[in-house]
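Please walk me through this structure, with attention to its internal spaces and to how its helices pack.

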Amino acid sequence: MTSPSSALLELARRYGVAPEFDDWTGRRTSVAESTLVAVLEALGVAAGTEADRIDSLTAHDRQYWQRSLPPIVLGRATVASSFWVHVTHGDPVELTLLLEDGTERSGLRQLENNRPPYDLGDRLIGEATFELPADLPLGYHRLRLRVDGSHTETPVVISPATLEPPSRLGRRRAWGLAVQLYSIRSQNSWGTGDLTDLTDLAVWSAAAHGAGFVLVNPLHAAAPTAPMEPSPYLPTSRRFGNPLYLRVEAIPEFAAVRHRGRLRGSRLALNKRADRHATIDRDAAWLAKRAALEEVYRVERSTGREVAYAAYRARQGRSLEDFAIWCALAEQYGADWHDWPHALRHPDAPEVAAFATANAHAVDFHRWLQWVLDDQLTAAQATAVQAGMALGVMSDLAVGVDPDGADAWSLQDVLALGVSAGAPPDEFNQLGQDWSQPPWRPDRLAEQAYEPFRAVVNMALRHAGGVRIDHIIGMFRLWWIPKGAAPTEGTYVRYDHEAMIGIIALEAHRAGALVVGEDLGTVEPWVRDYLHERGLFGTSILWFESDEAGGPLPAERWREYCLSSVTTHDLPPTSGYLAGEHVRLREQLGLLTRPAEQELASDRAAQAAWLEELRRVGLLGSDPDTDQVVSALYRYLGRTPSRLLALSLADAVGEVRTQNQPGTTDEYPNWRIPLAGPDGRRLLLEEVFVDPRAAALCDVMAAITTHVGRAGM
């Protein structure tokens, strides 16, 4: 492999593309020149030849100096910061801050800047530096620059220096159920779990067992066509929800549907069919539910409901229009917009507007679905809090979107084409991962003042007391894989974490919500310190918590500002994990890079170390059964200082099968496993509520979060 030229290395540095990185074993690894070129090209930077690289460096310089103001100015409350201004050398500068509340601030202090002017060809450009005051209020403001009678503006974002936990939580610990909602249905849901089931689960766990939250899988939208994407982490949109989770009967207009009995018969037939199938059939569920929803949609709404619908449409604006149009187009042309007629492949095309006009009913139906979904999400959160939860629903924000879906279509100018996001090899996914999702372009996000990102975060917090952000390390750097390359042939691309974490903190502050970052995998050490400084919680999974020697990390050394659990949705439930199911499954699917015997031996040694740790602290006897080990593992969480503890619903009922095996698509029925007990029999939600095993583990969680001496017991 030839070494990249100095010009290519400098170009990569300027655009945040890593020419080398430390892998999961700590080994320094160089990135192939072809990868650097492909990633730069995905950023719109020509780098194929040495001449291209020189030209791109020159263009980068000119672009910087031609800007009067940065594309966005960032600051933290109570902390002074600075920003640059470019004007013709020698021109006076007049700056005004236009605050969100309508007031204005002027007289910003100029700081020393001795950088020489830049020759733009027709004039010299000078750079001045000004201070952003420490006493600015939180919010989204504007900075105005006046020069020679004209003015330029740029956004200013002031975020909390540290995000404080919601006052409802205070200094208390809280526990909650971690739920894959689609997998657990009740007698009255339509083939899959829905938002009424989520509400009932929240009320049961809060009222009967003192739960403070329920962590639910991403409820992001899927394409409204068959086959419906099963993965909640590969949505068509993160800005809107999946109507599959609607409870038809909970929509107010359902009461006026003429043939309600026929709709109920359709639901009963769907559930009987679901009982006969080993896996979840989203297509059948959506086909039946969509037909029922169409009938409800045709019911005339009251004046008040019509006003509420109009207000929702006004709040959501262009993004809702684009999403609804995409859904209508997908139903007519298929869910991959790359295969549509060329004239329909961009939302701004006049042919798209013409389609929306000609198909007004179909477009409005998809707008309406999002409105009633918004209603039911609002009700779920309000009811959870009313039942006594400190946080209520904790949503889950996926790391990206389907490259062929609604967000990729409507936001294509902000996403990187020709690459996909993923993860490099690590201990548990030794071949790396390709998530097939187009990553944000850092440069385009900045140019648009992070508005598309802000909309995604806002949606995740709109109906929640907390949010778990999947792979929050992607706010700092993300693994980009060139199209057609293996996951091992990618590299990291840097993001402006000050902007992205700042916006997350500001949106969460305004929502009165808590933020949990999933910070597992290959993480630079300083990142966790930064997240803690900004008031974001981390994530700890018991099996991954190890000390310097590779043994179990003692409970007292776990992090306090953390959501801790025994397992995660990417591993088998704890009963299956204890049986070595994760090793056998990966062997069966060809995902191991060393012999299965070695993996099993290593896994048995790790488990034995944890069992010994449980015995050391007096939580486990000498000959325990599986249920006793599972209970002891969760009780061990109570020995940690972690403020948030999660109990997997699958663990609560004794499920063995994993929901998702990373590194696979159709090789394993990912995200299609209905919740079952240890005997493999499917469980309804009503059965969970009376299941002794579930009650016992929920009571364990209640005890360890209310014990007075919890951190040291």
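The lining of the largest cavity is made up of 16 nonpolar, 12 polar and five charged residues. This is a predicted model, and the cavity in question encloses about 460 Å³ of space. A total of 33 residues line the largest cavity, and those closest to its centre are A178, Q180, T568, H569 and S648. In the structure as a whole, there are nine cavities of 30 Å³ or more.

Which elements supply the lining of the largest cavity, with at least two residues each? Five are strands, namely strand 12 (174–179), strand 13 (213–216), strand 23 (538–541), strand 24 (562–565) and strand 25 (644–648), and they are joined by helix 19 (649–653). Strand 23 gives the most, with three residues in the lining of the largest cavity.

The next space is an open one. The second largest pocket has a volume of about 1,000 Å³. Its lining consists of 30 residues, and R14, H60, P442, D443 and A446 are the ones nearest the centre of this pocket. By class, the lining of the second largest pocket has 16 nonpolar, six polar and eight charged residues.

At least two residues of the lining of the second largest pocket come from each of helix 1 (6–14), helix 3 (50–66), strand 4 (81–88) and helix 11 (442–447). Of the elements that line the second largest pocket, helix 3 gives the most, with five residues. In terms of domains, domain 1 (6–65) and domain 2 (70–159) each provide at least three residues to the lining of the second largest pocket.

The last topic is a pair of helices. Two packed helices are described by the angle between their axes and by the distance between those axes. Helix 5 (residues 260–276) packs with helix 6 (residues 282–297) at an angle of about 170°, and the axes of the two are 10 Å apart. How do helix 5 and helix 6 run, roughly parallel or roughly antiparallel to each other? Angles over 145 degrees count as roughly antiparallel, and helix 5 and helix 6 are therefore roughly antiparallel to each other.

On the side of helix 5, the contact is made by R262, L263, S266, L270 and R273. Helix 6 contributes A284, A285, A288, A292 and E295 to this contact. By class, six nonpolar residues, one polar residue and three charged residues make up the contact of helix 5 with helix 6.

How values were computed. Residues numbered from 1 in each chain as written. Predicted model: local features only at pLDDT ≥ 70, side-chain atom pairs only at ≥ 80, totals over all residues. Heavy atoms only, no water. Axes fitted to C-alpha atoms, helices over the stretch in contact; angles between N-to-C directions. Helix = DSSP H or I, 4+ residues; strand = E, 2+ residues; numbered from the N terminus. Parallel < 35°, antiparallel > 145°, perpendicular 65-115°, else oblique. Contact = heavy atoms within 4.5 Å. Nonpolar A, V, L, I, M, F, W, Y, C, P; charged D, E, K, R; others polar. 1 Å grid on protein atoms, 1.4 Å probe; cavity = no way out; pocket = protein on both sides within 12 Å on 5 of 7 lines; lining within 4 Å. Points joined across faces, edges and corners; volume = space filled by probe spheres on them. Domains from an automatic or database assignment.
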